[in-house]
Amino acid sequence: MTSTLTAPTLTSAATAVSGRHLTKTYGSGDAAVHALRGVSVDIPAAEFTAVMGPSGSGKSTLMHVLAGLDRADSGEVHLAGRPLSGLAEKALTRARRDRLGFIFQQFNLVPTLTAEENILLPLRLAGRRADEEWYDTVVAAVGLGTRLTHRPSELSGGQQQRVAVARALVSRPAVIFADEPTGNLDSRAGAEVLTLLRRCVDEFGQSIVMVTHDPLGAAHADGVVFLDDGQIVSALREPTADGVLAVMRSISESKED
Ligand SMILES: Nc1ncnc2c1ncn2[C@@H]1O[C@H](COP(=O)(O)OP(=O)(O)OP(=O)(O)O)[C@@H](O)[C@H]1O
């Protein structure tokens, strides 16, 4: 069964990325898994949005579909008002490269390149030059200072993730998608990365979407959407860790009924 459940509107602000009636099924027949069952969501521009939900609820699938890393079976995605779904593969790759930034749990830095080279790599691949003033601003924001000439193996996990944040920021993307960005960090380094993401929104007006399992992490966001079984089941504005925990608890209790 595919039902459509429209997300509660998180805010009246402009929309960075929107999904409408998104469905995605893996496998077929008895083995079919309905990862998205008609998800509609508006991710506000210049805000920090967290996506939460139990394991297997569809968070990564939704993020991948909104980011053009994967295609929905049906439904539409618009990025800054322009259609993303329906683009041919080449145009989709270009849109991802030019208009989106990514931060991954495992950092995904190129081990043979220095921090600076990693930060500038997406621009180089796109044949674009870095705006020097913006590059300096980004590097100052992530606080890597003298570490820019170091390779990833010479950096702590927290420092590597700050390189990844700088790499995502430097092209001024319409949206940065962060998939469990603190999942591989200790709590102190994780908190530093969350504070940095918060600053990117507050100081640079960057739009950020973050998938997380961590209520403390989600509490850094302006809004949280909750997925369960491929549908959006709740949303919070100005979340607290306790508020997020309460929603997560009610989702798991509803399964026990
Ligand atoms: N490539 C795939 N092939 C088959 N099933 C998949 C595939 N990717 C995801 N799924 C299934 O789709 C559902 C949603 O997966 P998804 O990874 O989006 O959930 P999630 O909320 O991100 O989970 P987690 O919190 O554990 O990372 C799950 O039941 C998962 O097993």
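**Figure 1. The hairpin of β10 and β11.** Val224 sits opposite Leu236 of β11. This close-up comes from a predicted model, as do the views that follow. Another facing pair here is Leu227 with Ile232 of β11. Strand β10 covers residues 223–228 and runs antiparallel to β11, the two being joined by 6 bridges. Together β10 and β11 make a hairpin that has 2 residues between the strands. If you look at the turn, you will find Asp229, whose phi is positive at about 50°. As a viewing aid, remember that side chains in a regular strand alternate between the two faces of the sheet.

**Figure 2. The open sheet of 6 strands.** Stepping back from the hairpin, you can follow the strands in the order β7-β8-β9-β4-β10-β11, with mixed pairing. Which strands stand at the edges? They are β7 (100–104) and β11 (231–237); each has a single partner strand, so one side of each lacks a neighbour in the sheet. From one strand to the next, the twist averages 20°.

**Figure 3. Helix α6 on the sheet, with α5 beside it.** Helix α6, residues 187–204, lies across three strands: β4 (48–52), β8 (175–179) and β9 (208–211). Its direction is at about 155° to that of β9. Helix α5 packs against α6 at an angle of about 15°, and the axes are 9 Å apart. An angle under 35 degrees counts as roughly parallel, so that is how α5 runs relative to α6. The crossing of these two helices is right-handed. On the α5 side, the contact uses Gly157, Gly158, Gln161, Arg162, Val165 and Leu169, while α6 brings Ala189, Glu192, Val193, Leu196, Leu197 and Cys200. Sorted by class, the residues of this contact are 7 nonpolar, 3 polar and 2 charged.

**Figure 4. Helix α4 against α5.** Here α4 (residues 132–142) meets α5 (residues 157–169) at an angle of about 155°, with 9 Å between the axes. Because of that angle, α4 is roughly antiparallel to α5. The two cross in a right-handed sense. From α4 come Val138, Val139 and Val142, and they meet Arg162, Val165, Ala166 and Leu169 of α5. This contact has 6 nonpolar residues, no polar ones and 1 charged.

**Figure 5. Helix α3 against α5.** Another helix that packs on α5 is α3 (residues 115–125), at an angle of about 30° and with the axes 7 Å apart. That angle makes α3 roughly parallel to α5. Once again the helices pass in a right-handed crossing. Look for Ala115, Asn118, Ile119, Leu121 and Pro122 on α3, and for Val163, Ala166 and Arg167 on α5. The contact is made up of 6 nonpolar, 1 polar and 1 charged residues.

**Figure 6. The shell around the ligand.** Which residues surround the ligand? Going along the chain, you will meet Tyr26, Gly27, Val33, Ala35, Gly53, Ser55, Gly56, Ser57, Gly58, Lys59, Ser60 and Thr61. Both β3 (33–44) and α1 (59–66) supply at least two residues of this shell. The largest share belongs to α1, with 3 residues. In terms of class, the shell holds 8 polar, 3 nonpolar and 1 charged residues.

How values were computed: Residues numbered from 1 in each chain as written. Predicted model: local features only at pLDDT ≥ 70, side-chain atom pairs only at ≥ 80, totals over all residues. Near = placed C-beta within 6 Å. Helix = DSSP H or I, 4+ residues; strand = E, 2+ residues; numbered from the N terminus. Nonpolar A, V, L, I, M, F, W, Y, C, P; charged D, E, K, R; others polar. Axes fitted to C-alpha atoms, helices over the stretch in contact; angles between N-to-C directions. Parallel < 35°, antiparallel > 145°, perpendicular 65-115°, else oblique. Left-handed = near helix turned anticlockwise from the far one by under 90°. Contact = placed C-beta atoms within 7 Å. Pairing = 2+ DSSP bridges.
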